[in-house]
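Student: I should like to understand how the terms used for a structure are justified. May we go through some of them together?

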Amino acid sequence: MPPRARPAPAEGPPVSRTAAEPGCRGAATPGALARHADRDALRLTWVQPEDLVGHELRQAAEDGRDAEEIRRAWLSAGGPPAPNRAGASPTRPSPHLRELAVHLLDELAQLPSPLTTKEPRALADIRTACPNWPGRRDTPASPHLPATSAARPDRPTPQARRPVTPSPTSPRPEAAPWGSGAPPPGEAGARGPGDLHPGPRSGPAPAHGPLRPATGVSTPAGHPAARTADPTTTPPPGEAGARGPGDLHPVSGRGGAGENSPPAPGTARPGADAGVTATRAPTGGLLPRLHAGWLGRAVGCLLGKPVEKLPLPAIRALARATGNWPLHTWFTARGLPADLAARHPWNRRSAPTSLAENIDGMPEDDDLNYPLLNLLLLQRYGKGFRTTDVARLWLDELPAGRTFTAERLAYRNLLHGIEPPHTATHRNPFREWIGAQIRADVHGWTHPGDPAAAAEQAYRDATLTHTANGVYGAMFVAAALADAAGGTTDVHICLRTGLSVVPPGSRLAQAIRFGIDAARAQPDDFDRVVDRLHITYGHHHWVHVVPNAALLAAALTHADGDFTGSICRAVSGGWDTDSNGATAGSLAGLIAGSPEAIPPRWTAPLKNRLATSVATLDGIGFDTLAALTAQEALHP
């Protein structure tokens, strides 16, 4: 191993940096100055070499890599540990310490991991490791949407999408049985990232695509998307009551009756539908499911925003003090004792837009920015996009200040001329954090009934920024959502489908199974489930994918498909509250089946308006987003 004593470089002119709010992975406002004791230091979060070393040492310990000698060298030189919850340490280091940090990061990258056989990275190897890799379940096109789709004018004829012919009266084939492992037709050949199509589409598509959304969208007047609606289109007669095989009647606790009143104090499972037997009835097809999925993602994210980064005891204390525990509605500062508010301040960037008294539409958040970007990705490149296409889109459409953790480092690597997949590994200790998982929803939504294709699409997105468990998290979510988008209304089946694309010996698979088992072991007390999760996984950083996946699986299992129960449990468990709430809301929304099945106390404050820095999409309505997503789902 090379020596670690490094001469200090000559002093030069100061480097100009843009500072960002420390630790605010989901913050909406970039460029905020980090508030530190050293007022002259501009500390860019999540990328300073001296901050990355501590995170890489922590990841090395989790991987079982022997980094003890490097750790001693770093600490003896005065190197700080990883910031616990923030994105940057409080003071600027000496030039010598920063140079040492850069060299140690490179040394850490060379340490072999003993887990490579259990946690493969290539897609072909991941599929080989998964004995229950799912097959495809064909889903008829929604009768709410056009029966056929011609090739888009912005895409060349040789790569035009095939027309989709709906068969709304045909029975839906059953899902591939658990454990069948049957791959979709033609899937015998292993694929690498981007190998689905020979090349990119020629020329960018308009932001909202040339196809018209279905009737009924209500994006605010003047928004670019509103001009794509076709006012002459009317849905086929009888659609209000249409239903297909396997659709379920709304039942108490699944976003319908019985959820509008808060539970009595001490109730363990607000909104749960224990003892209710579901009966068959309409969910209304793909379009309303996707609308509910978009809304659910936004609601869950917004619920978690005020308490993002807060420790679990603080979340519980704030909610209890306002009569909101077990959590069942929005957080509020009304009636909160001043001393408690001072001890546990809300997320500074989020509180002005996400407390009950402040909500006025859906504010910007990276948990919604990435689904918007992936919708643009599909419009521009189609489902055969490559990982490099994701990178191109980001450079075109995503402001650097809106990125955090692994995404920020991959963005930096791109600007340094590093190409995928090395963007995910070069000096990136966040490569197994939650970032790729929060980008996966659109991949699941646009592959209803085809979890394998959804997982493969999520893989090509995730490998820009993540490896191993970070990639598996995206595949898990995409597959589970694809199952629900295809009409599966049993959350436990969806979770099992998600697990089928995760290598069973991986840490992520173990964490998901642990979360499910913990929820089943304590069906009447979710607080005890959360306590067990924090005892087991509390040594991880709060943004790491492993503890958050365990919590997500536990919350969804414990809520048994109930919308309110799913998002409230996911947020009340701490860690990455807005991301877990968003993913739980996405899946629970799909299961609810329509926006009307979600209690209006959750959806009304959103005012069908989403703020974002993604170009041309600011202020778009969730109904318009659902229609545009459904169009992508119907294209092969």
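Tutor: In this predicted model, aspartate 490 caps the N-terminal end of α15.

Student: How do you know that aspartate 490 caps the N-terminal end of α15?

Tutor: A side-chain oxygen of aspartate 490 lies 2.9 Å from the backbone nitrogen of histidine 492. A polar contact requires N or O atoms within 3.5 Å, and 2.9 Å satisfies that limit.

Student: What do the buried residues of α15 pack against?

Tutor: They pack against α13, α14, α16, α18 and α20. The buried residues themselves are Val491, Cys494, Leu495, Thr497, Gly498 and Leu499.

Student: Why is α14 called oblique to α15?

Tutor: The axes of α14 and α15 come within 7 Å and cross at roughly 140°. An angle over 145 degrees would count as roughly antiparallel, and 65 to 115 as roughly perpendicular. The value of roughly 140° falls in neither range, so α14 is oblique to α15. The crossing is right-handed.

Student: Which classes of residue make up the contact of α14 with α15?

Tutor: By class, there are eight nonpolar residues, two polar and one charged. Among the residues that meet are Phe476 and Asp483 in α14, and Ile493 and Thr497 in α15.

Student: What makes alanine 588 buried rather than exposed?

Tutor: Alanine 588, which is in helix α20, has a relative accessible area of 2%. Buried means under 20%, so alanine 588 is buried. Leaving aside neighbours within four places in sequence, alanine 588 is in contact with Asp562, Phe563 and Ser566.

Note on methods
Residues numbered from 1 in each chain as written. Predicted model: local features only at pLDDT ≥ 70, side-chain atom pairs only at ≥ 80, totals over all residues. Heavy atoms only, no water. Buried < 20%, exposed > 50% of the residue type's maximum accessible area, 1.4 Å probe, protein only. Helix = DSSP H or I, 4+ residues; strand = E, 2+ residues; numbered from the N terminus. Contact = heavy atoms within 4.5 Å. Polar contact = N/O pair within 3.5 Å; in protein donor to acceptor, adjacent residues only side chain to side chain. Axes fitted to C-alpha atoms, helices over the stretch in contact; angles between N-to-C directions. Parallel < 35°, antiparallel > 145°, perpendicular 65-115°, else oblique. Left-handed = near helix turned anticlockwise from the far one by under 90°. Nonpolar A, V, L, I, M, F, W, Y, C, P; charged D, E, K, R; others polar.
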